[in-house]
Amino acid sequence: MRFFKVIQWIVWKDLISEIRNRENLSSMLFFALSVILIFSFSFSMDQRSTKELMPGIIWVAFGFTGIIGLGKSFLPEVQNDCIEYLQISPVSRGAIYLGKFAGNVLFLFAAEIILFPLFILFFNLDILDKLPVFLLIFFVATVGLSALGTLFSALTVQIRAREVMFPILLLPLAVPIFIGAVESTRGALNGDPLALYSHWVKLLGIFDIVFIVVSFWVFEFILDE
């Protein structure tokens with residue numbers, strides 16, 4: 001019971017902190033909005049070109065937005081000298097990881113929900129009937145990206161070159177997530193039946209489970225270093 005209380009309190013703490021300063025979410029949204037505007041004014045696309053290019057454009061925006069947000073996941077604990085309290089607190093390290101991970105999923109998924117209508121507006125996408133499928137794809141991919149991002153944020157937060165090391169560590173392992181997300185999004189944009197690209201969604205789900213389980217066990221050693 002205490003395990004789940006720790007998760008709940010960490011998620012609540014991160015939510016309150018973000019509501020008060022809005023630093024993380026606002027920087028994520030500003031960057032993604034810049035990407036959307038640059039791509040929308042750079043290309044003059046017909047419907048066929050839009051369906052070919054949009055999956056990549058969407059996940060470039062979401063991916064780099066996630067890197068900005070996830071990289072700062074443990075920064076408040078270091079800036080407020082709280083990381084030592086997490087290290088010596090008599091609670092499960094796995095609960096701390098799951099609390100930070102759940103908070104990151106909420107922030108990143110909320111940013112994607114806010115940004116996706118802008119893609120529909122700027123690129124004139126007629127996909128409202130497929131909206132639940134897109135949300136499913138976004139959520140499954142966000143879980144995997146957050147699982148890795150939370151782990152590597154904890155690993156790099158106390159080193160001087162963390163802004164460089166974080167994407168260098170994250171991106172190679174996140175490649176399967178981006179491939180699955182792009183292919184799933186392409187299938188949904190083309191209006192294909194879910195059965196034709198459901199194997200990509202299932203693959204994302206498998207990566208989610210693997211990354212969460214491995215990160216859960218490894219996090220204890222990272223936090224104690």
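**Group meeting: helix packing and selected residues**

I start with Asn124, which has a relative accessibility of 57% and therefore counts as exposed, the cut-off being over 50%. Before going on, please keep in mind that this is a predicted model. Asn124 sits in the loop that joins helix 6 and helix 7. Its backbone deserves a look too: phi of Asn124 is near 50°, which is a positive value in a residue other than glycine. Another positive phi comes after helix 8, at Gly191, where the value is near 80°.

Asn124 also leads us inward, through Phe119. Not counting neighbours within four places in sequence, Phe119 is in contact with Asn124 and Leu125. On the list for Phe119 there are also Ile36, Met54, Ile57, Ile58, Ala61 and Phe62.

That brings me to the core. How many residues does the largest nonpolar core have? It has 66, and the residues with the most contacts inside it are Trp59, Phe119 and Phe138. Contributions of at least two residues each come from helix 1, residues 2–21, helix 2, residues 23–42, and helix 3, residues 47–71. Helix 5, residues 83–88, and helix 6, residues 93–122, do likewise, as do helix 7, helix 8, residues 162–189, and helix 9, residues 194–224. As background, nonpolar side chains in soluble globular proteins tend to be buried together.

Next, one helix pair. Two packed helices are described by the angle between their axes and the distance between the axes. For helix 3 and helix 6, the angle is about 145° and the axes are 10 Å apart. The crossing of helix 3 past helix 6 is right-handed. On the helix 3 side, the contact is made by Met54, Ile57, Ile58, Trp59, Ala61, Phe62, Thr65, Gly66 and Leu70. Helix 6 brings Asn104, Leu108, Glu112, Leu115, Phe116 and Phe119. Sorted by class, this contact of helix 3 with helix 6 has 11 nonpolar residues, three polar and one charged. Note that Phe119 is in this contact, and Phe119 is also among the residues with the most contacts in the core. Trp59 appears in both places as well.

Now a different residue of helix 6, Phe107. Is Phe107 buried or exposed? Its relative accessible area is 11%, so with the limit for buried set at under 20%, Phe107 is buried. Beyond its sequence neighbours within four places, Phe107 is in contact with Asp14, Leu15, Glu18, Leu25 and Met28. For scale, Phe107 and Leu135 lie 28 residues apart along the chain, and their C-alpha atoms are separated by 15 Å.

Helix 7 covers residues 131–156, and Ser153 lies in it. Ser153 has a relative accessible area of 1% and is buried. Which residues is Ser153 in contact with, leaving aside neighbours within four places in sequence? They are Leu70, Gly71, Lys72, Ser73, Phe74 and Phe166. Leu70 has come up before, in the contact of helix 3 with helix 6.

On to helix 8. This helix bends by about 50° at Ala174, and Pro176 follows within four residues. Arg162 is in helix 8, and its relative accessible area of 25% makes it partly exposed. Arg162 touches Leu75, Thr156, Val157 and Pro167, not counting residues up to four places away in sequence. Between Arg162 and Val143 there are 22 Å in space, C-alpha to C-alpha, for 19 residues apart in sequence.

Last, helix 9, with two leucines. Leu194 lies in helix 9 and, at 38% relative accessibility, counts as partly exposed. Leu194 and Ser184 are 8.9 Å apart, C-alpha to C-alpha, and 10 residues apart in sequence. Leu223 is also in helix 9, but at 3% relative accessibility it counts as buried. Apart from neighbours within four places in sequence, Leu223 is in contact with Ile83, Leu86, Gln87, Arg93 and Ile96. The C-alpha atoms of Leu223 and Ala102 are separated by 17 Å, with these positions 121 residues apart along the chain as the separation in sequence.

To recap the main item: the largest nonpolar core has 66 residues, and helix 3 and helix 6 pack at an angle of about 145°. That is what I have.

Terms used. Residues are numbered from 1 along each chain as its sequence is written. This is a predicted model: local features need pLDDT of at least 70, side-chain atom pairs count only at pLDDT 80 or more; totals for chains, interfaces and linings use all residues. Side-chain values use heavy atoms; hydrogens and water are left out. Buried means under 20% relative accessible area, exposed over 50%, partly exposed in between (1.4 Å probe, protein chains only). Contact means heavy atoms within 4.5 Å. A nonpolar core is a set of buried Ala, Val, Leu, Ile, Met, Phe, Trp, Tyr and Cys residues joined through side-chain atoms within 4.5 Å. Axes are lines fitted to C-alpha atoms, for helices over the stretch in contact, and angles run from 0 to 180 degrees between N-to-C directions. A crossing is left-handed if the near helix is turned anticlockwise from the far one by less than a right angle, and right-handed if clockwise. Ala, Val, Leu, Ile, Met, Phe, Trp, Tyr, Cys and Pro count as nonpolar, Asp, Glu, Lys and Arg as charged, and the others, Gly among them, as polar. The bend at a residue is the angle between axes fitted to the seven residues ending there and the seven starting there.
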